Amino acid sequence: AFVVFSCKGNLSEADKLDLEKIPIQVVDSMFYVQSENGQLKMRVEAPRMEVYEHDTLSYDLFPSGIHVYAYSEEGTLETTIDALKARHDKYPQPDKERWSAFGKVVIKNILKQETMETDTLYWDSVKHEIWTDCYIHMYSPSGSMQGYGMRSDERARNAILLRPFNNEFLIGADSTQVVVDSVNFIGPMLKK
């Protein structure tokens, strides 16, 4: 009788577990490399990755942060993304997934020397774009911009700030300078 009572006590503890909140797999020191035709395209590193499986949605959680390195067509490091937390949602539909990064997200385009800082960033790998609707601060050697909302290609080459305010830029050259092309100058038309 004692054994049956003991098993019953353990089963009631097991019934209290919510299996949807427990990862089915945990990976420490995750390192992922994506290449195409022998050319390095992307590298992802994370201290910890947790995999969750559900009927309607499966996702990977990166609770200790994530570091993404994207490479140009020539193979040089072009863009980096760092965040305190991240999540990769995988839907049952084919070719549908979404990445989300949260907490002190920093996007750097190394080739253009541009940096963007925000609290939340989304990446659609099917449409090859990144975006946010949160506050964003963008800066480069030529100036600084801030606003709410940003859309860009996935390598942060062409970022568009949606609702900018209080922007500052350095002007490198006088835009009022007039240049006369003496070789192609036609001159005044003469009356006949």
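This briefing covers the overall fold, the strand pairing around E7 and the setting of Glu50. The model is predicted. The protein chain has one helix and 11 strands. The helix comes at the N-terminal end of the element order, and the strands follow it.

**Overall make-up**

- The order of elements from the N terminus is α-β-β-β-β-β-β-β-β-β-β-β.
- The protein chain has 192 residues, and 30% of them are buried.
- Take the contacts between residues at least 6 apart in sequence: 37% of these join residues at least 24 apart.
- The accessible surface of the protein chain is about 13400 Å². Carbon and sulfur atoms account for 56% of that surface.

**Strand E7 and its partners**

- Strand E7 spans residues 97-109 and pairs with strand E5, residues 77-83. The sense is antiparallel, with four bridges.
- Within the pairing of E5 with E7, Ile81 has Ile107 as its bridge partner.
- Strand E6, residues 85-90, also pairs with E7. This pairing is antiparallel and has six bridges.
- Ala86 has its bridge partner in E7 at Ala101.
- Strand E8, residues 114-124, pairs with E7 in the antiparallel sense over nine bridges.
- Across from Val106 stands Glu117, a residue of E8.
- E7 and E8 form a hairpin, and four residues lie between the two strands. Gln113 sits in the turn and has a positive phi of about 55 degrees.
- As a general point, side chains in a regular strand alternate between the two faces of the sheet.

**Glu50 in strand E2**

- Glu50 belongs to strand E2, which covers residues 39-52.
- Is Glu50 buried or exposed? Glu50 counts as buried because its relative accessible area is 11%, below the 20% cut-off.
- The Glu50 side chain makes a polar contact of 2.9 Å with the side chain of Arg48.
- The side chains of Glu50 and Tyr52 are joined by a polar contact of 2.6 Å.
- Which residues does Glu50 touch, leaving aside its neighbours within four places in sequence? On the lower-numbered side, Glu50 is in contact with Pro23, Gln25 and Val26. On the higher-numbered side, its contacts are Tyr59, Asp60, Leu61 and Pro63.

Key: Residues numbered from 1 in each chain as written. Predicted model: local features only at pLDDT ≥ 70, side-chain atom pairs only at ≥ 80, totals over all residues. Heavy atoms only, no water. Buried < 20%, exposed > 50% of the residue type's maximum accessible area, 1.4 Å probe, protein only. Contact = heavy atoms within 4.5 Å. Areas by Shrake-Rupley, 256 points an atom, 1.4 Å probe, with all protein chains shown as cover. Pairing = 2+ DSSP bridges. Polar contact = N/O pair within 3.5 Å; in protein donor to acceptor, adjacent residues only side chain to side chain.
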